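Morning, everyone. I have one structure to show you today, and I'd like to talk about a ligand and the place it occupies. Have a look first.

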Amino acid sequence: MTKPTIVLVAGARPNFMKVAPVWRALTATKKFRLVLVHTGQHYDDNMSKVFFDDLRLPKPDAYLGVGSASHAEQTARIMLAFEPVLLDADADLVVVVGDVNSTMACTLVAVKRDVPVAHVEAGLRSFDRTMPEETNRRVTDILSDLLFIHSPEARDNLVREGVDPAKIHFAGNVMIDSLQYYAADAEKSNVLKTLGLEGTRFGLVTLHRPSNVDDPAVLASLMGALAEVGKDCPLVFPVHPRTRAVIERMGIEADGRHVRLIEPAGYLDFMKLMRYSSVVLTDSGGIQEETTALGIPCLTIRNNTERPVTVEVGTNRLVGTRPERIVSEARDALQRGAGNAKIPDHWDGQAAPRIAQVITGFLYEQS
Ligand code: UD1
């Protein structure tokens, strides 16, 4: 019998560390032919190639090279480029991860071509329709045949929206699979030495949400808050290209003594920076999870989170975007640390093997 073919889709930076453990776990079963597709939604070396190198992912079987554009255009380009690859692969299943435009675009194409879809990291909801990711999540989930969730509230969200509970599987968090698997490699990173941070106390910042960075007045006010926090604890800020563009276009001043802007960091360097930081300030989704797993206090510069378990159980605090609140919460976090935070259930490094097991049942029992 020929092995079923699974197409795995990765497109943007936060996809790569989720795809890697799934790719490894499916490979280990020896039961499938795997086709790795990179849409090229992210394309700079420091947003893409370094992740393939750090994660030891193979070169993609297909690189779609879609690049940046408006949501409509980027989504459309991904769909147009993905369809022939999907047909050529003669896929039995498409696996998508996360909530970026590539996730939704490839799901739409697969479903229209009658190929089932598995969504890893299903059921997350911020209940904020102004976030592009919220639309991607909802569309992807309603169309998927296998929904792999990483926290119990995701099941409630999906059932409320009419998803058949039989399709939902509590696999756990694949991002934590990567965090554990590459921990020793990350430890070997020289990033602290290179930045002169060895043995020093520092905080780590990331900001890239359109709501925080696209409006120069909002970004300038957040930079002011960071400068204030930086007086208590110097901050390192690897700047996303989206954010860099606004900073440069508007000539927003960064207080270089207290907030050090650096280029986007690779996966292993970023893991090392995070592990050794005293506090993390971010608007990322995945970093809320990684800091929870590492026991590092995290301040999320947003008014909502699709990952409430990181607040209820973990080290995360939702602090909004008002500068005074960010500064006072940062001071408090620096003083009190992570408190009694716990690691959520099934964030144990074994999510991808659970996913592989369910997929094996799905594809072999179907045929
Ligand atoms: C995308 C995802 C977001 C994810 C984020 C992580 C969507 C809707 N958004 O947002 O969920 O959290 O990735 O980074 O899918 N750019 C470069 N080089 C690159 C990639 C982007 O310079 O390799 C610049 C371009 O100017 C581009 C801008 O960054 O216009 C934004 O990139 P885009 O992929 O549209 O969205 P992100 O903000 O990265």
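**The ligand and its pocket**

Let's begin with where the ligand is. It sits in the largest pocket. Keep in mind that this is a predicted model.

How much space lies in the largest pocket? About 1,000 Å³. The pocket is lined by 48 residues. Closest to its centre are Pro14, His42, Met47, His208 and His240. Several helices each give two or more residues to that lining. They are H1 (13-29), H3 (71-89), H5, H12, H13 (267-275) and H14 (286-294). Which one gives the largest share? Helix H1 does, with 5 residues. Sorted by class, the lining holds 20 nonpolar, 16 polar and 12 charged residues.

Now move in to the ligand itself. How many residues surround it? The shell has 18. The closest are Gln41, His42, Asp44, Glu133 and His208. Notice two names coming back. His42 and His208 are among the residues closest to the pocket centre, and they are also among the closest to the ligand.

What is the shell made of? By class, there are 6 nonpolar, 8 polar and 4 charged residues. Two helices supply at least two shell residues each: H5, which spans 132-143, and H12, which spans 241-250. Of the shell residues, 3 come from H5, and that is the most. So much for the helices. H5 and H12 also help to line the pocket.

Next, individual atoms. I have three pairs for you. Take Gln41 to start. A polar atom in its side chain is 2.7 Å from a ligand oxygen. Then Asp44. Here the ligand offers a nitrogen, and an N or O atom of the Asp44 side chain lies 2.8 Å away. Then Arg242. Its side chain has an N or O atom 3.0 Å from an oxygen of the ligand.

How much of the ligand does the protein cover? On its own, the ligand has 740 Å² of accessible area, and the protein covers 85% of that.

To recap: the ligand is in the largest pocket, with 18 residues around it, and Gln41, Asp44 and Arg242 each place a side-chain atom at the distances I gave. Thanks.

Note on methods:
Residues numbered from 1 in each chain as written. Predicted model: local features only at pLDDT ≥ 70, side-chain atom pairs only at ≥ 80, totals over all residues. Heavy atoms only, no water. Near = heavy atom within 4 Å. Polar contact = N/O pair within 3.5 Å; in protein donor to acceptor, adjacent residues only side chain to side chain. Areas by Shrake-Rupley, 256 points an atom, 1.4 Å probe, with all protein chains shown as cover. 1 Å grid on protein atoms, 1.4 Å probe; cavity = no way out; pocket = protein on both sides within 12 Å on 5 of 7 lines; lining within 4 Å. Sits in = over half its atoms within 2 Å of the grid points. Helix = DSSP H or I, 4+ residues; strand = E, 2+ residues; numbered from the N terminus. Nonpolar A, V, L, I, M, F, W, Y, C, P; charged D, E, K, R; others polar. Points joined across faces, edges and corners; volume = space filled by probe spheres on them.
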